[in-house]
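This report walks through a single protein chain. It takes cysteines, strands, cores and aromatic rings in turn.

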Amino acid sequence: MSRFTKMAYATSDDMTFGRSKKPLSYGLGIKVGLGSVIPEINYLPRPGAESSRERLVKEYVQYITQDCIKQAVNLGFPNLQLETEWIHTMSDDLGLAASVVSGQKEAITNFHEKYGINLAVRHTVPDLRDASYGLRAGMDTNGRPEKVIECAEVACENGADVLSIESLGGKELSDYAVTTGDITAFLFGAGFLASKDMESLWKELSGICKKHRVIPGGDSNCACSNTVMFMAGGHLDKDVQKTFSAVCRCISAASALVVFENGAVGPGKDCSYEGPIVKSITGMPISSEGKHSHCAHIDLFGNLTAAITDMWSNESVQYRHEFGGTSVQCWAGLIGYECSLMNTAISTGTEKTLRDLYTLSDRGRSPEGYILSYDNAWKIGKSIIECGNSHYLRARTAGITGAKLLIDGYNNKDIGLSRKQLETLYKIIRDLESLPDDEDVFLDMCIRKYADVRGFNIKNYGI
C-alpha cells in the first residue's frame, strides 16, 4: 500500500479530457490517457436470456459483443472498450462466466485481426457480500466473500483486460444516513468503513490482477454516494436535499482514492462520479458517464462529467431492438461520436475550450455538478491530500471543503440554492466540524451511536 501525498496536477487548468499523467496501454491496442478519449459501451442481456447457459453465452458473445464492435467498425471508430458487468447468474455458475469471458476475448481478437480496430473488455464482477452475514472471508457461512474472489479469478484467467468491482463496504451506514439525513453516519459508512473495506478487498484483487497480467481498473462508490444522488434526483424531486448529495460525493472521493493506493491503476469505473477528484490526485485515467447514461438513470450534469474524462460510457443499456438497430448499436454510436468530438478538439488544440463548455453548461444546474466541476474537484482533492493519511480525516475534510465551496459559490452567485439547501449545508458544516479530530475517538463514538443500525458489525472491517 502507498499513500498519495501530493497532487498529480499543479493546477486544475492542467487537467483535460483524453490525457492523464499515468496513461495505460493494454488489450488489443487500447491506449488510455495518451491523447484520445475511448468509448466504453456498457450493457445487460435481455430478461430470460439467463434461462440456459447456451442462450446467455450466445446473448453476450454473438449478439451484444459482435453488435457493438460491428457498429464501431461500420461508423469508422478506431477504438472501443466493452464493459461486462456480471449478472448474478454468472457468479452462480462460474463455468458459464468463464465461457462468456473467453468467448468475448475470442470475439474481440477476431475483429481486431480482421478490421484493425483497437479493443478491450472490462469485466466488473459483482460484490455478492451482505453486511448482515459478514463481509470478510470466514464470516459468512454461505461463503459469499470467498465467492467474490473466485469471480475475480475466473474473469482474469479467462481473458479480462481490465478488472473492476462496485464494492458494498459501508452501505449499511450510508443507507441509514440518506434516510435520516445524518451526515455523520454517511461519513462513518462511506468515508471510514468503505475505506477500510476497499483497502482489504483491493489488496486481494490487485494481487489476482498481477498474477494474470490484468489491469486492476478500479471501484465505485456507487453503492453509497450514487444511491444518494439517485434519491436526490432532478429538480422535481425533494426527498433528499441536493446539497446533502453533493457533500456525500465529496466524502466518497476519499474512500475511492484508497483503491488506487492499494494497486488499482485505472481506468476508473464509469459510475464513479467522484472520478474527477480522484484523477486530480492520482493522475490516473478515469471513465465517466453522463448524458448518455440516461438509458439507466438521470443526472443533472450530463455534459460536465466529460470535461476531464479519458473514457466515455453510456451506463448499462438492456439489449433489445430499436428502429436504428439493436440498443447497443445505438448507444455505441452515441458515445463513439461524442468521443470523436472530444478527440477532434484535442487534435485541433481546442480541448480546453470544449472542456470549459462542457463544464459551464452544467456548472450551475445542481450542487453536485458544481463540486464536480474540474476546478472545484481539484480543490477538494487538494484538501484530501493536505490532511494526512487518516481515512476519517480525509473524508471529513473533503466533506467540509465541498460544503464551503458550495456556500462560496452561492455567495458569488455562481450557483442558486434554496433556503432548505443552504440550511442543510450549514448544518452539515456544524456537524462535521464538531466531530473529534482523533480517529479513534470518532470510531468509538460511532460504534456506540450506530450499534443498532441493521447489518452493522464492526468486525466486517477488521476492527
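## Cysteines

The model is a predicted one. A disulfide needs two cysteine sulfur atoms within 2.5 Å, and the count here is zero. Why does cysteine 156 form no bond with cysteine 209? The sulfur of cysteine 209 is the closest cysteine sulfur to that of cysteine 156, but at 4.2 Å it is too far for a bond. Cysteine 156 is buried, at 5% relative accessible area.

Cysteine 248 gives a second case. Its closest cysteine sulfur belongs to cysteine 250 and lies 9.0 Å away, again too far for a bond. Cysteine 248 is buried too, with a relative accessible area of 0%.

## The parallel strands

Start with strand E4, residues 79–85. Seven of its seven residues are buried, so the rest of the structure largely encloses this strand. In a regular strand, side chains alternate between the two faces of the sheet. In E4, both faces are covered. One side carries Asn79, Gln81, Glu83 and Glu85, all buried. The other side carries Leu80, Leu82 and Thr84, also buried.

Which strands pair with E4? One is E3, residues 38–44, which runs parallel to E4 over four bridges. Across this pairing, glutamate 40 stands opposite glutamine 81. The connection between the two strands involves helix H1, residues 53–75: E3, H1 and E4 make a right-handed β-α-β unit.

The other is E5, residues 118–125, joined to E4 by seven bridges. E4 and E5 also run parallel. Here leucine 82 faces valine 121 of E5.

E5 in turn pairs with E6, in the parallel sense and over four bridges. Histidine 123 has leucine 163 of E6 as its bridge partner. To get from E5 to E6, the chain passes through helix H4, residues 144–157, in a right-handed β-α-β crossover.

E6 spans residues 162–165, and both of its faces are covered. Val162 and Ser164 are buried on one side. Leu163 and Ile165 are buried on the other. E6 also pairs with E7, residues 215–218, through three bridges in the parallel sense. In that pairing, serine 164 has glycine 218 as its bridge partner.

The pairings are set out below.

| Strands | Sense | Bridges |
|---|---|---|
| E3 and E4 | parallel | four |
| E4 and E5 | parallel | seven |
| E5 and E6 | parallel | four |
| E6 and E7 | parallel | three |

## Nonpolar cores

In soluble globular proteins, nonpolar side chains tend to be buried together. The largest nonpolar core of this model has 144 residues. Which members touch the most others? They are Trp86 and Phe188. Helix H6, residues 183–212, gives the most to this core, with 14 residues.

Tryptophan 86 has a long contact list, leaving aside residues up to four places away in sequence. Among its contacts are His123, Thr124, Val125 and Pro126. Others include Ser91, Leu94, Ala97 and Val101, as well as Cys151, Val154 and Ala155. A separate core lies apart from the largest one and holds nine residues, among them Leu24, Ile30, Ala120 and Ile215.

## Aromatic pairs

The whole structure holds 13 aromatic pairs. In one of them, phenylalanine 188 meets phenylalanine 456 edge-to-face, with centres 5.6 Å apart and 75 degrees between the planes. Phenylalanine 188 sits in H6 and phenylalanine 456 in the segment after helix H16 (439–449), so this pair ties together parts 268 residues apart in sequence. Phenylalanine 188 is buried at 0% relative accessibility. Phenylalanine 456 is buried as well, at 13%.

A second pair joins phenylalanine 192 and phenylalanine 442. Their ring centres are 6.5 Å apart and the planes stand at 80 degrees, so this pair is edge-to-face. What parts of the chain does the pair link? Phenylalanine 192 belongs to H6 and phenylalanine 442 to H16, 250 residues apart. Both rings belong to buried residues: phenylalanine 192 has a relative accessible area of 1%, and phenylalanine 442 comes to 0%.

These four phenylalanines belong to a cluster linked by ring pairs. The cluster consists of Tyr176, Phe188, Phe192, Tyr392, Phe442, Tyr450 and Phe456.

Notes: Residues are numbered from 1 along each chain as its sequence is written. This is a predicted model: local features need pLDDT of at least 70, side-chain atom pairs count only at pLDDT 80 or more; totals for chains, interfaces and linings use all residues. Side-chain values use heavy atoms; hydrogens and water are left out. Buried means under 20% relative accessible area, exposed over 50%, partly exposed in between (1.4 Å probe, protein chains only). Two strands pair if DSSP finds at least two bridges between them. A crossover is right-handed if, with the strands pointing away from the viewer, the path from the first strand over the helix to the second runs clockwise. A nonpolar core is a set of buried Ala, Val, Leu, Ile, Met, Phe, Trp, Tyr and Cys residues joined through side-chain atoms within 4.5 Å. Contact means heavy atoms within 4.5 Å. Rings of Phe, Tyr and Trp (its six-membered ring) pair if their centres lie within 6.5 Å; planes under 30 degrees apart count as stacked, over 60 as edge-to-face and the rest as tilted.
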